[in-house]
Amino acid sequence: MLPITLIPWHEDFMPVLKNILAERDDFGRLTVLFPHNRPRRYLKALLKADHELKRPVFLPRMISIADFVSGLRRDLSETCVAPANRLDLVALLHEVVNDLRATGRGLLAELPKLDREGFLPWGIRLAKLMDDLLRQAIEPDDLAYMEGEVSAYASALLEQLGAIHSEYVTRLFDRGWTTPGLDWRFVTSRLDDVSTALADAPVVAAGFYALSGAEDFLFRRLWQEGLLHPVIHSDPALATGGAAHHAVAEHAAWLGRWHVRPELRCASDDTPPPPEIRFCEGFDRHSQLAAMAEDLRESEDLDGSAIILPDEGALLPVLHHLPDEEPNISMGYPLERTSLARLVETLLALQENRLEDGRYHWRDVIGLIRHPYLRLLGPEDKPLRRIFHVWEAAIRRGERYLHPLDWQPPYGDEILDGVNPETAEPLRQDVLRHCLTRFETVNSLKTLGSALSGLAAMLHAHGERLWHTYLVDAECLFRLTTSVIPQLLGVETDSEDLGRPVLFSLLRQLIGQERVSFEPEPLGGLQVLGVLETRLLHFKRLYVLDAVEERLPGTNPYDPLLPDPLRKLLGLPDSRERDNVSAYNFHRLLMGADQAVIYYQSGIQPGLLDSKSVRSRFVEQLLWEREREENRIIEGGDPLIRTVTFPAGSLEPVPRGVTVTPAIRNMLKKTLQKRGLSPSSLDRYMQCPKQFFYTYLGNVRPVDEVDEEGDRAEFGSLMHAVLREFLAPHVGRRTDLAGLDPTPLLALFDERFRDCAPFAHLPLDTRMALNKTGRYRLSEYLASQEPATLIGLEEKLETLMDVDGLSLPLSGQADRIEERAEGVYILDYKTGNGVIPNKKAWQDMDLWDRVRDFGPDSPDPMLLSDLARSIKSVQLPMYLHLYRQVADTLPHDGGLVKLADNGTTALLFGAKWTDDERAEAVDEMTPRLIQVLIRHMLSATEFPARPGQGCQWCDFKTPCGQ
């Protein structure tokens with residue numbers, strides 16, 4: 001038997017392994033097994049650089065254990081075998097379970113039979129369990145009486161697990177299918193043939209840690225026959241007889257099972273000092289990245305340095321914080337986090353939300369046409385970018401659901417000037433066909449795979465230059481076409497009809513399991529790796545990001561078929577072995593480094609119950625060892641633990657205002673003289689000058705968007721139009737409005753509501769609710785009105801006002817003017833919340849003195865806010881003043897007819913006011929108030945924002961900074 005060689009884990013494993021191999025006489029006949037493929041790149045580079053190696057020479061065969069076993073299966077099998085598709089395995093297990101159910105034995109026979117779709121989630125988990133058992137060389141026993149531990153169906157499967165496993169393996173062999181686990185079973189059952197095949201090709205097993213059951217069985221047999229030389233990277237105490245580190249527990253168990261002590265092989269007799277480890281605590285990932293970037297900048301030489309990412313999703317943020325030199329990335333990035341996966345998810349959401357009549361939800365269509373891949377397709381002028389921009393604007397002004405194929409771009413319009421329809425239109429149609437039409441008819445794995453294949457072909461055909469520029473995206477597309485799509489099309493039952501939810505769920509699972517690989521070239525310089533990619537590698541400086549418990553060692557998702565506590569019943573590895581592997585990878589990496597910085601998060605992690613992020617148990621152990629060594633407690637603020645903080649300033653109480661420049665002031669004067677002011681614009685300035693700037697001067701339009709719950713403004717306009725049309729025949733004569741029959745009014749509302757396009761696209765329940773609301777408000781309104789003679793409906797009132805030498809037009813539109821016994825009333829309809837000036841404000845002499853005195857020589861910074869709080873609205877007073885100027889008649893009163901409040905009328909003055917008081921308010925106080933507001937806006941140095949309840953309905957809260 002060959003010895004087991006132990007290379008101390010503080011030494012670089014690969015150079016020592018290279019020396020061990022070079023010393024052997026059978027160098028050219030060797031097979032070097034690695035746990036994964038990456039180390040062989042390093043070994044080949046070392047052998048190439050070894051000038052003492054005699055040349056010419058055949059290099060050893062270097063291969064991963066997975067490829068080695070599948071190769072043995074292929075070479076030793078009398079018949080050809082094909083890798084089984086995962087979905088075919090699920091179908092096979094479905095047959096096995098149904099056949100066992102038909103025997104009438106056990107709990108399985110008592111439960112309802114599951115169809116293919118219902119069995120699918122159980123089948124995927126069961127197939128994984130079968131392969132785990134084969135890898136561990138376990139013949140499982142039945143697990144009975146599991147009803148209290150797992151669900152009923154899982155208990156029924158576990159009750160006949162042995163029979164399921166036996167029948168599953170038999171049928172796999174009969175069909176000529178294989179899996180990685182079945183390859184292991186075949187090899188371990190043909191060990192004599194394996195020994196014969198390897199007689200002239202001895203094996204070096206390099207860098208293995210926790211052996212599976214089948215690996216242990218194969219390696220021990222080859223080792224006993226002198227064909228296998230294990231070389232491990234571990235704590236030298238295993239060879240010297242000292243107390244070994246807990247992280248090498250699986251190595252200790254391996255040596256114990258084989259009853260052997262390893263031989264120590266060192267490149268040097270000197271034991272280096274332990275690594276210098278620092279810790280960095282940040283509130284979130286951003287603070288960790290900021291600290292890491294600072295540490296990288298301070299490092300003089302990054303060659304031999306590595307950034308370790310326990311969370312592979314952190315790759316892209318990390319890349320934005322690296323130095324200018326290009327790093328070597330060697331890890332798999334989740335395909336589901338890429339732009340291509342987002343495009344596929346958009347296509348699936350389009351079909352999931354599509355109505356039976358073929359219409360798509362407007363948000364889903366916008367999500368499609370805003371995807372960057374599609375907008376960049378085609379010629380260099382990117383015609384789809386402009387076309388989709390125009391289309392998005394049309395969608396936002398349209399209905400909730402739409403037929404995308406019905407829209408035609410306005411090629412003759414100025415907005416698409418320069419777009420060639422002969423080139424752009426076939427491209428647009430091709431995109432819609434492959435993104436929408438092809439997915440509408442998906443009903444099987446075959447049609448789903450074909451639709452995805454067509455999508456990939458379309459992206460490749462129309463975006464060839466795109467993929468040459470964005471190489472990562474090209475790798476994603478390659479992964480989709482060479483892995484995901486073949487898994488869908490390679491199923492025996494790919495033509496069987498399946499429901500859309502099942503098909504889309506399968507596709508999401510397949511995408512979720514794919515990784516986009518980054519080639520580990522060059523091998524030097526700064527490297528970015530995942531934890532698993534660091535196995536057997538050696539780095540001088542380490543930067544370990546996100547060293548929190550949920551990443552190191554990490555948590556396995558709950559398995560409803562075989563939860564972690566039950567795995568030991570079958571002899572399967574559980575979370576303890578997984579934690580041992582994670583601990584070994586982490587500590588082996590540290591032991592070989594000169595310096596290490598470990599970053600972790602200590603803040604609140606958004607998520608389930610907003611749990612607090614806990615630093616990894618490995619970090620806790622390192623801190624505890626330091627405490628024991630220094631005989632002190634390490635607490636917050638200790639120099640050993642750097643806490644990342646950012647300077648924080650006081651938050652602004654309100655969003656920043658708009659500074660009035662000379663150009664803005666000149667534009668304001670010109671606009672006032674040309675457009676004038678309305679009551680609503682004066683109210684807007686008084687309540688929020690910044691909103692006034694956006695609407696009146698900036699001409700900023702709110703983003704068009706389909707209102708799925710009904711447009712409030714449109715509903716108010718409809719109510720106004722119905723009332724105007726209903727009351728028009730009564731103008732000029734005295735009418736008892738409360739005595740009128742409401743039936744014609746409600747019928748008119750029903751007709752106009754039915755014909756109103758903005759409400760036609762609403763869901764039935766929303767449309768019915770709005771209709772009932774409108775009918776109720778109109779009937780209550782009519783019943784609450786008083787007898788009067790209607791003078792006018794929606795009358796335009798206009799006049800001129802001189803303010804500091806400027807002649808400005810003032811205008812407003814009164815909804816209803818009527819004459820009662822007391823005099824003329826000006827009424828304004830409000831379907832929402834309307835306000836009138838506080839009656840006490842008219843008697844607030846201090847406030848009116850400030851209004852009278854306001855001017856350049858007497859500034860009053862708080863005047864506008866005090867007016868907004870006290871006066872609230874100038875609308876009704878301004879209507880009365882305008883009527884006074886136009887008709888030369890003093891109105892008796894004005895009021896807001898609150899349609900949302902049973903049609904009640906809130907009067908401006910009320911019965912207690914005398915004629916002199918009314919005349920003073922209309923003829924003197926109101927024009928003075930209007931003049932002060934205009935003078936204030938003309939002399940303002942800033943248009944400030946005034947946050948309040950109205951901000952939640954403001955169209956400009958996002959640009960305002962709310």
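The following questions and answers walk through a predicted model.

Reader: Let's start with the overall picture: how many helices and strands does the protein chain have?
Author: Happy to begin there, and please keep in mind that the model is predicted. The chain holds 962 residues, and 52% of them are buried. Its secondary structure comes to 40 helices and 27 strands.

Reader: What radius of gyration does the protein chain have, next to that of a compact globule of 962 residues?
Author: The C-alpha trace spans about 120 × 70 × 60 Å along its principal axes. A compact globule of 962 residues would have a radius of gyration near 30 Å. For the protein chain the value is 39 Å.

Reader: Among contacts with a separation of 6 or more, what share comes from residues 24 or more positions apart?
Author: Here the count covers contacts in the protein chain whose partners have a separation of 6 or more. Of these, the part that residues 24 or more positions apart account for is 77%.

Reader: Now to charged pairs: which residue forms a salt bridge with R175?
Author: A search of the whole structure finds 57 salt bridges, and this is one of them. The closest N and O atoms of the pair are 2.7 Å apart, inside the 4 Å cut-off for a salt bridge. The partner of R175 is E95.

Reader: How many residues apart in sequence are the parts that R175 and E95 tie together?
Author: R175 lies in helix 8 (residues 161-175), while E95 lies in helix 4 (residues 86-102). R175 counts as partly exposed at 35% relative accessibility, and E95 counts as partly exposed at 32%. Because the two sit in separate helices, their salt bridge ties together parts that are apart in sequence by 80 residues.

Reader: D99 and R171 also form a salt bridge; which of the two counts as buried?
Author: The closest N and O atoms of this pair are 2.7 Å apart. D99 lies in helix 4 and R171 in helix 8, so the pair ties together parts 72 residues apart in sequence. D99 has a relative accessible area of 41% and is partly exposed. At 16%, under the 20% limit, the buried one is R171.

Reader: Which residues are linked in a network of salt bridges with E95 and R175?
Author: Two pairs in this network have already come up: R175 with E95, and D99 with R171. Besides E95 and R175, the linked residues are D99, E167 and R171.

Reader: Why is helix 4 said to be largely enclosed by the rest of the structure?
Author: The buried residues of helix 4 include L87, L89, V90, L92, L93, V96, V97 and L100. Polar or charged names appear in that list too, among them D88, H94 and N98. Helix 4 is largely enclosed because, of its 17 residues, the number buried is 12.

Reader: How far apart are the end C-alpha atoms of helix 4?
Author: At 1.5 Å a residue, the 17 residues of helix 4 should span 24 Å. The distance in the model agrees with that: 25 Å.

Reader: Which residue caps the N-terminal end of helix 4?
Author: At this end, a side-chain oxygen lies 2.8 Å from the backbone nitrogen of L87. After helix 4 comes G104, with a positive phi near 80 degrees. The residue that caps the N-terminal end is N85.

Reader: Is D295 buried or exposed?
Author: D295 has its place in helix 14 (residues 285-298). Leaving out residues up to four places away in sequence, D295 touches R278, Y543, V597, Y599 and R642. Its relative accessibility is 7%, under the 20% limit, so D295 counts as buried.

Reader: Which peptide bond is cis with omega about 5 degrees?
Author: Most peptide bonds are trans. One cis bond runs from R55 to P56, with omega near 0 degrees, and P56 is found in the loop between helix 2 (38-49) and strand 3 (61-64). The bond you ask about leads into P553, a residue of helix 25 (residues 550-554). It joins L552 and P553.

Reader: What is the relative accessible area of D804?
Author: D804 lies in the loop between strand 22 (788-803) and strand 23 (806-819). Although D804 is not a glycine, its phi is positive, about 50 degrees. D804 is exposed, with a relative accessible area of 55%.

Technical notes. Residues are numbered from 1 along each chain as its sequence is written. Side-chain values use heavy atoms; hydrogens and water are left out. A salt bridge is a side-chain nitrogen of Lys or Arg within 4 Å of a carboxyl oxygen of Asp or Glu. Helices (H or I, at least four residues) and strands (E, at least two) are DSSP runs, numbered from the N terminus. Buried means under 20% relative accessible area, exposed over 50%, partly exposed in between (1.4 Å probe, protein chains only). The expected span of a helix is 1.5 Å times one less than its number of residues. A polar contact is a pair of N or O atoms within 3.5 Å; within protein, one must be able to donate a hydrogen and the other to accept it, and residues adjacent in sequence count only if both atoms are side-chain atoms. The radius of gyration is taken over C-alpha atoms; the globule rule is 2.2 Å times the number of residues to the power 0.38. Contact means heavy atoms within 4.5 Å.
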